[in-house]
Amino acid sequence: MASGTLPVTSNPEANAFLVTDPLALLIGMLLDQQVPMEWAFLGPWTLRERIGGTLDAATVAALDPDELEALFRGPPALHRYPAAMAKRTQALCAFIVEHHRGDAAAVWTEAHDGADLLKRLRALPGYGSEKARIFMAILAKRLAVRPTGWEQAAAPFSDDVPRSVADIDSPEAFERVRAFKKARRAEGKGKAD
């Protein structure tokens, strides 16, 4: 993967891992629901350490489900819902093995354009429309992966409003995104509104 920045956790090594390991980034985005961003995106780093120092789609897919759930439970837990997220992570890894030869980056490196990338991301277990569009914006804004038409496919997350993890390139940007989300919730609106 291209080098970039995604300083979303308080651990610089975990942040670097997100932008150098495609599977880590996909898992971090998968975990980014119903927990703070920094907790979700620290998950791949912690999982890698618990597995034994490597994070590989085939390895995760082949783990005994109870063993993977135990790794998610910790302590500390990788997610507020460790059992459910262990299952979703395993399903994601199995899909990557089956459909992308175990190569997480192939999800975007083999996409023909932005519309195709969106379709490929939405096909991933645990990735709905909004999550797929945010992930595409992360690729474009943080890692310079910009297939033709990505802006339209990722909208509104392709704009300059600090609305998602894709807009975090510094601690200050992290706080702007957090403030934006808090204000939107107070207005009864979502990130995409």
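Is the crossing of H2 and H3 left-handed or right-handed? The crossing of H2 and H3 is right-handed, a crossing being right-handed if the near helix is turned clockwise from the far one by less than a right angle, and left-handed if anticlockwise. The model is predicted, with local features requiring pLDDT of at least 70, side-chain atom pairs counting only at pLDDT 80 or more, and totals for chains, interfaces and linings using all residues. Residues are numbered from 1 along each chain as its sequence is written, and side-chain values use heavy atoms, without hydrogens and water.

Helix H2 spans residues 22-31, helices being DSSP runs of H or I with at least four residues, numbered from the N terminus. The axes of H2 and H3 cross at roughly 140 degrees and come within 8 Å; axes are lines fitted to C-alpha atoms over the stretch in contact, with angles from 0 to 180 degrees between N-to-C directions. H2 is therefore oblique to H3, the term left for angles that are not under 35, over 145 or 65 to 115 degrees. In this contact (heavy atoms within 4.5 Å), Ala24, Leu25, Ile27, Gly28, Met29 and Leu31 of H2 meet Ala40, Phe41, Gly43 and Pro44 of H3. Eight of these residues are nonpolar, two polar and none charged, with Gly counted as polar.

Helix H3 (residues 37-51) also packs with helix H5 (residues 65-73), at an angle of about 125 degrees and with axes 10 Å apart. H3 is therefore oblique to H5, and their crossing is right-handed. Leu47, Arg50 and Ile51 in H3 meet Leu68, Leu71, Phe72 and Arg73 in H5. The residues of this contact comprise five nonpolar, no polar and two charged.

How values were computed. Helices (H or I, at least four residues) and strands (E, at least two) are DSSP runs, numbered from the N terminus.
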